[in-house]
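User: I'd like to learn how to read a few features off a model like this one. Could you walk me through it?

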Amino acid sequence: MAEHRPTTLLAELTHRCPLHCPYCSNPVELARSSAELSTIEWKRVLTEARALGVLQLGLSGGEPLVRRDLEELAMHAHGLGLYQTLVTSAIGLTHERAQRLRDAGVDHVQISFQDSVRESAERIAGTKSWDAKHEAARHVRALGFAFSVNVVLHRANLDHLDAIIDMAGELGADRLELANTQYYGWAVMNRAALMPTRAQIERSAEIVDRASEKYRGQMQIIYVLPDYYSDYPKPCQGGWGKFYIVIAPDGRALPCHAASQITTLTFDSVRDHTLEWIWEWSDGFRAFRGDGWMLEPCRSCPRKHADFGGCRCQAFALTGDARNADPVCVKSAERATIDAILNGDDDAAPADTTYVPREMPPLRGPTHLNAMRSHAADSV
């Protein structure tokens, strides 16, 4: 039996989305709408998750609002006693839809914003979205949801960090998540355009410190330093397969939202097994539990129970072997890979915001959403 039980389930209801942000952490190969779990299947998964010990549910995507059964799923989750967060781009979140979701039992809404400047925000999002997002934020506040703003930071918006924080304050956010881009998925393909300069990173830490004092007692500010500029990696979801489950739109169960890019692992589907079996016995969840899988320098490192060797997805992406130490770690033999990337930063050079184009799956949701896709769940 697994030593730990999951507390959080992220339900990626769809990969369809009205945006196409260049840092999207969804996989490069997206699940098409025809492969998505049905309403009945999602209800079974939620019931099994609660029985397994899950207390918190994220309703995410892509854009979960394109699912016409979203309210039905939320009502089912509410009946199970799950605390629910809607993770959304907010495109299509009218007052009427927000009211229905509130009535169905959604507790918390997290809206992604791309910048504090309309032109830049809409260029990053790839579509006109400024007015819709700000209007949706007003609906969320008026209806009494707990409200978070999420902003993924990168070279193109870090110089606006002061204004981004003030924008979140003016919107009435209870919580602001400032997450520097994590380089996997689409972000790897767009790394040249997204990688911040060292000067931007240094300034941003000072800005966040000042803002945390300014908004103390009003808005919680969570700032995630980018891995590449750290000496040691962050722990992956508190440890692989310890507390966290992601269900992809096609039913595959994952220990984190980027795990599918580790092509040497197979992840089982809730269509083929119960969620309890997957958590306890599947190779995908057992692969990096504990420390028996670790290679050196992780195996003998005193930090191994603090950071668990870092990000398995990043290790695989940059070294080809998910068992290796995360190359961010200064003890890793592959740290030179990170340093080579960082040595390319140039404070004087403007950000190259020419992003890699990509295929987008058809959007078969409500007709008021257009057919562009991206990541509404900007890294939970």
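**Reading strands, rings and a pocket**

Analyst: Let's start with strand β1, residues 8-12, which is mostly covered: five of its five residues are buried. Keep in mind that this is a predicted model.

User: Which residues of β1 sit on one side, and which on the other?

Analyst: The general idea is that side chains in a regular strand alternate between the two faces of the sheet. Here, T8, L10 and E12 point to one side, while L9 and A11 are on the other. Both faces of β1 are covered, with these residues all buried.

User: And which strands does β1 pair with?

Analyst: One partner is β2 (residues 56-60), joined to β1 in the parallel sense over five bridges. Across that pairing, E12 stands opposite S60. Another partner is β8 (residues 244-247), also parallel to β1, with four bridges. There, L10 has V246 as its bridge partner.

User: Next, rings. How many aromatic pairs are there, and how do I describe one?

Analyst: The structure holds three aromatic pairs. One of them is W279 with F285, a tilted pair at 5.6 Å centre to centre and 55 degrees between the planes. In general, you describe a ring pair by the distance of the centres and the angle of the planes.

User: Why do W279 and F285 count as buried?

Analyst: Look at relative accessible area, where buried means under 20%. W279 comes out at 0%, so W279 is buried, and F285 counts as buried because its value is 1%.

Another pair is F288 with W293, this one edge-to-face: 5.0 Å centre to centre and 75 degrees between the planes. F288 is buried at 7%, and W293 is buried too, at 11%. Ring pairs also link W240, F288 and W293 into a cluster.

User: Where do charged ends sit over rings?

Analyst: Take R289 first: its charged end sits over the ring of W279, 4.7 Å from the ring centre. W279 is the ring we just met in the tilted pair with F285. Elsewhere, the charged end of R102 sits over the ring of F145, 5.0 Å from its centre.

User: Last one: what lines the second largest pocket?

Analyst: That pocket has 15 lining residues, and W240, K242, F288, R289 and G290 lie nearest its centre. You'll recognise W240 and F288 from the ring cluster, and R289 from the charge over W279. The lining divides into five nonpolar, five polar and five charged residues. As for volume, the second largest pocket holds about 240 Å³ of space.

Notes. Residues are numbered from 1 along each chain as its sequence is written. This is a predicted model: local features need pLDDT of at least 70, side-chain atom pairs count only at pLDDT 80 or more; totals for chains, interfaces and linings use all residues. Side-chain values use heavy atoms; hydrogens and water are left out. On a 1 Å grid over the protein atoms alone, a cavity is a set of points where a 1.4 Å probe fits but cannot get out, and a pocket is an open set with protein on both sides within 12 Å along at least five of seven lines; lining residues have an atom within 4 Å of a point. Grid points are joined across faces, edges and corners, and a volume is the space filled by probe spheres set on the points. Ala, Val, Leu, Ile, Met, Phe, Trp, Tyr, Cys and Pro count as nonpolar, Asp, Glu, Lys and Arg as charged, and the others, Gly among them, as polar. Rings of Phe, Tyr and Trp (its six-membered ring) pair if their centres lie within 6.5 Å; planes under 30 degrees apart count as stacked, over 60 as edge-to-face and the rest as tilted. Buried means under 20% relative accessible area, exposed over 50%, partly exposed in between (1.4 Å probe, protein chains only). A charge sits over a ring if NZ of Lys or CZ of Arg is within 6 Å of the ring centre and within 35 degrees of the ring normal. Helices (H or I, at least four residues) and strands (E, at least two) are DSSP runs, numbered from the N terminus. Two strands pair if DSSP finds at least two bridges between them.
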